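User: Please take a close look at one part of this structure for me, the surroundings of ligand 2, and then show me how it fits with the rest. I am new to this, and I would like each term explained as it comes up.

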Amino acid sequence: MSLLTQAGISSLQLCFYGAGSMAEAIVRGLINEKLVEPGRISMLNKQNRDRLAELHDRYGVQTVVQGSSNEAYLREADIIFLAMKPKDAAAALSSIKPYLSPKQLIVSVIAGLSINSIERLLGREAAIVRTMPNTSSTIGLGATGISYSESVTPQQRLLTEAIMGSVGINAVVDESLQEAVTGVSGSGPAYVYYFMEAMLEAASQLGLTRESAKELVVQTVLGAAEMVRTTGEEPAELRRKVTSPNGTTQAALEVMDEGLFAETVVKAARRSAERAGELGEAIERSINE
Ligand SMILES: NC(=O)C1=CN([C@@H]2O[C@H](COP(=O)(O)OP(=O)(O)OC[C@H]3O[C@@H](n4cnc5c(N)ncnc54)[C@H](OP(=O)(O)O)[C@@H]3O)[C@@H](O)[C@H]2O)C=CC1
Ligand SMILES: O=C(O)[C@@H]1CCC=N1
């Protein structure tokens, strides 16, 4: 019996409250992997009905139609995903609080939002999963940090890990490490895309066509990641194997070192983690006001 069957996911209703990039990435992954029927997923937002119509047409998920409201979907859901921006989280949770019941599992993907803040906004202890996924969940290659509130049952843990595991890999971490996960893998895809943008610019300056440059850059990043994964060798060791003494790679890496490449990446990831903490603190302050 598969983990998902054991977890009993096929009979559950999932509600995504917040229907932006991250919600779509998870929903698309779940549907592509055929793990949840689209009809068992609802996607809700604050106001943008065109966006909901687009999601309905694209995936067949349930959304509010003219004249209906979010309430029924929220009440009926077994699992509610909170997927709005941190600045909207407090208002959103306060507005849906009357429709939620203690038997529901709440899964947040919101950067910085602590389990304690969610419980304070709900005014009670609850089964809460704080996660930090990334947009690669869209293609089943996400990486998600997961932390649980004390009330989450073993069955609910199984369920969460099955859901997030169906769209990538999971790392169950102490909640105090979720900012670190944000700095590394939550924001991480953007660092890699930024690197790829720079590689494309280099390719253009060196005279390659946009088409061949893109193919070469994508395959280079894919191949390098796959080499780390399949060989089990450390990135530093694989780098050494590319770098011939006094060769082309050494010349390039020297330029990167002059530009403090490694130090800058470390500084950037640390700043992302710090920013996650700031976003969480801003939510806490708004609760205290
Ligand atoms: N994007 C990413 O790579 C990642 C994002 N996250 C987290 O995911 C969360 C969402 O980010 P992202 O998907 O990029 O954001 P988007 O801006 O793409 O989407 C935000 C969604 O929230 C909705 N929303 C806003 N206010 C409310 C409200 N009061 N009630 C219900 N829905 C509301 C918006 O609806 P409307 O358009 O109608 O206003 C919109 O559908 C963030 O907290 C972020 O920290 C986590 C990991 C990675
Ligand atoms: O930029 C952000 O705030 C979100 C959280 C992690 C990735 N994107």
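Analyst: Around ligand 2 you will find Ala111, Thr182, Gly186 and Ser187. A residue belongs to such a shell if its C-beta atom, placed from the backbone, lies within 6 Å of the molecule. Please keep in mind that this is a predicted model, in which local features need pLDDT of at least 70, side-chain atom pairs count only at pLDDT 80 or more, and totals for chains, interfaces and linings use all residues. As for the labels, residues are numbered from 1 along each chain as its sequence is written, while chains are lettered from A and ligands numbered from 1 in the order in which they are written.

Sorted by class, the shell around ligand 2 holds one nonpolar residue, three polar ones and no charged ones. Here Ala, Val, Leu, Ile, Met, Phe, Trp, Tyr, Cys and Pro count as nonpolar, Asp, Glu, Lys and Arg as charged, and the others, Gly among them, as polar.

Now turn to ligand 1. Its shell has 27 residues, and the closest are Gly18, Gly20, Asn45, Met84 and Ala111. You have already met Ala111 beside ligand 2. By class, the shell around ligand 1 is made up of 14 nonpolar, nine polar and four charged residues. Helix H2 (21–32) and helix H5 (86–96) each provide at least two of its residues, and H5 contributes the most, with four. Helices (H or I, at least four residues) and strands (E, at least two) are DSSP runs, numbered from the N terminus.

Let us follow H5 a little further. The axes of H5 and helix H13 (residues 261–288) come within 9 Å and cross at roughly 35°; these axes are lines fitted to C-alpha atoms over the stretch in contact, with angles running from 0 to 180 degrees between N-to-C directions. Where do they meet? Pro86, Ala89 and Ala90 of H5 touch Leu279, Ile283, Ser286 and Ile287 of H13, where contact means C-beta atoms, placed from the backbone, within 7 Å. This contact of H5 with H13 involves six nonpolar residues, one polar and no charged.

Just before H13, Leu260 sits in the loop that follows helix H12 (248–258). Its phi is near 55°, a positive value in a residue other than glycine. Most residues other than glycine have a negative phi. Leu260 counts as exposed because it has 11 C-beta neighbours inside 10 Å; the cut-offs are 20 or more other C-beta atoms within 10 Å for buried, 12 or fewer for exposed, and partly exposed in between, with C-beta atoms placed from the backbone. Lys34, in the loop between H2 and strand E2 (41–44), also has a positive phi, near 55°. With 8 C-beta neighbours inside 10 Å, Lys34 is exposed.

One more residue deserves a visit. The unreviewed UniProt entry annotates Asn70 as "binding site"; such positions are given in the numbering used here, feature names are shortened, and annotations may be inferred rather than shown by experiment. Asn70 lies in the loop between helix H3 (49–59) and helix H4 (71–76). Since 18 other C-beta atoms lie within 10 Å of its own, Asn70 is partly exposed. Leaving aside neighbours within four places in sequence, Asn70 contacts Leu44 and Val64.

Finally, step back to the whole chain. The protein chain has 13 helices and seven strands, and 33% of its 289 residues are buried.

Conventions. Contact = placed C-beta atoms within 7 Å.
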